[in-house]
Amino acid sequence: PEKNRIDYEVKSRFDKTIELYGFVDYYYAVGVNFIGGKRFNNTFFAGGGIGINISEELGFNLFAQGRSYFTKTRCKPFLALSVGCVLRGEYFGPYVNPEFGVNFHVTQKISTYLTLGWAYYGNSNGQGPQLKLGVTF
């Protein structure tokens, strides 16, 4: 093997992620998610997170997330699903966010990703496309 080659094979570890996102429906919303969880191997991650977003009013998300990665390369496409609840104003309801993304390793332990998904924030809070940019360390 090459001496300076970085092995992007991911071992079992605890991952921490910060995501910035934008959401479009009847209004525009921006937010940040903090996610922590277990990376079981090169292909599966499971964890939980909390999000804070602002649009017409302040909102909070609490959710579980699973990700499945397709390759062992530096650039890894993946599918993710977040399921939980949202609290915005006096509304409390479901939160569901399926998404497709591409993860890019900067180093062995630090990576960035970009996803495009569909966010559902319950009947009174809308649904629509969501774009996320994340950093995992």
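These notebook entries record what I looked up in this structure.

**Entry 1. The model.** I note at the outset that I am working with a predicted model. The values below are therefore to be read as computed from that model.

**Entry 2. Secondary structure.** I looked up the elements of the chain and found eight strands and zero helices. Read from the N terminus, their order is β-β-β-β-β-β-β-β.

**Entry 3. Dimensions.** I next checked the extent of the chain. Its C-alpha trace spans about 60 × 20 × 20 Å along the principal axes. I then looked up the radius of gyration, which is 16 Å. For 137 residues a compact globule would have a value near 14 Å, so the figure for the chain agrees with that expectation.

**Entry 4. Burial and surface.** I asked what share of the residues is buried. Of the 137 residues, 41% count as buried. The exposed area of the chain is about 7500 Å², and 69% of this area is supplied by carbon and sulfur atoms.

**Entry 5. Contacts along the chain.** I considered the contacts with a sequence separation of 6 or more. Residues 24 or more positions apart make up 47% of these contacts.

**Entry 6. Charges.** I looked up the charged groups and recorded 14 positive and 10 negative charges in the chain. The mean positions of the two sets lie 15 Å apart.

**Entry 7. Ser12.** I turned to a single residue, Ser12, which I located in the segment before strand 1 (13–24). Is Ser12 buried, partly exposed or exposed? Its relative accessibility is 41%, and it therefore counts as partly exposed, since that class lies between the 20% limit for buried and the 50% limit for exposed. Leaving aside neighbours within four places in sequence, I found Ser12 in contact with Lys38, Arg39 and Phe40. With one of these, Lys38, there is a polar contact between side chains, at 2.7 Å. I also looked up the separation of Ser12 from Leu62: the two are 50 residues apart in sequence, and their C-alpha atoms are 24 Å apart in space.

**Entry 8. Lys76.** I then located Lys76 in strand 5, which comprises residues 75–88. Why does Lys76 count as buried? Its relative accessible area is 0%, and buried means under 20%, so the residue falls in that class. I asked which side chain makes a polar contact with the side chain of Lys76. The partner I recorded is the side chain of His105, at 3.4 Å.

Terms used. Residues numbered from 1 in each chain as written. Predicted model: local features only at pLDDT ≥ 70, side-chain atom pairs only at ≥ 80, totals over all residues. Heavy atoms only, no water. Helix = DSSP H or I, 4+ residues; strand = E, 2+ residues; numbered from the N terminus. Rg over C-alpha atoms; globule rule 2.2 N^0.38 Å. Buried < 20%, exposed > 50% of the residue type's maximum accessible area, 1.4 Å probe, protein only. Contact = heavy atoms within 4.5 Å. Areas by Shrake-Rupley, 256 points an atom, 1.4 Å probe, with all protein chains shown as cover. Lys, Arg positive; Asp, Glu negative; His and termini not counted. Charge placed at Lys NZ, Arg CZ, Asp CG, Glu CD. Polar contact = N/O pair within 3.5 Å; in protein donor to acceptor, adjacent residues only side chain to side chain.
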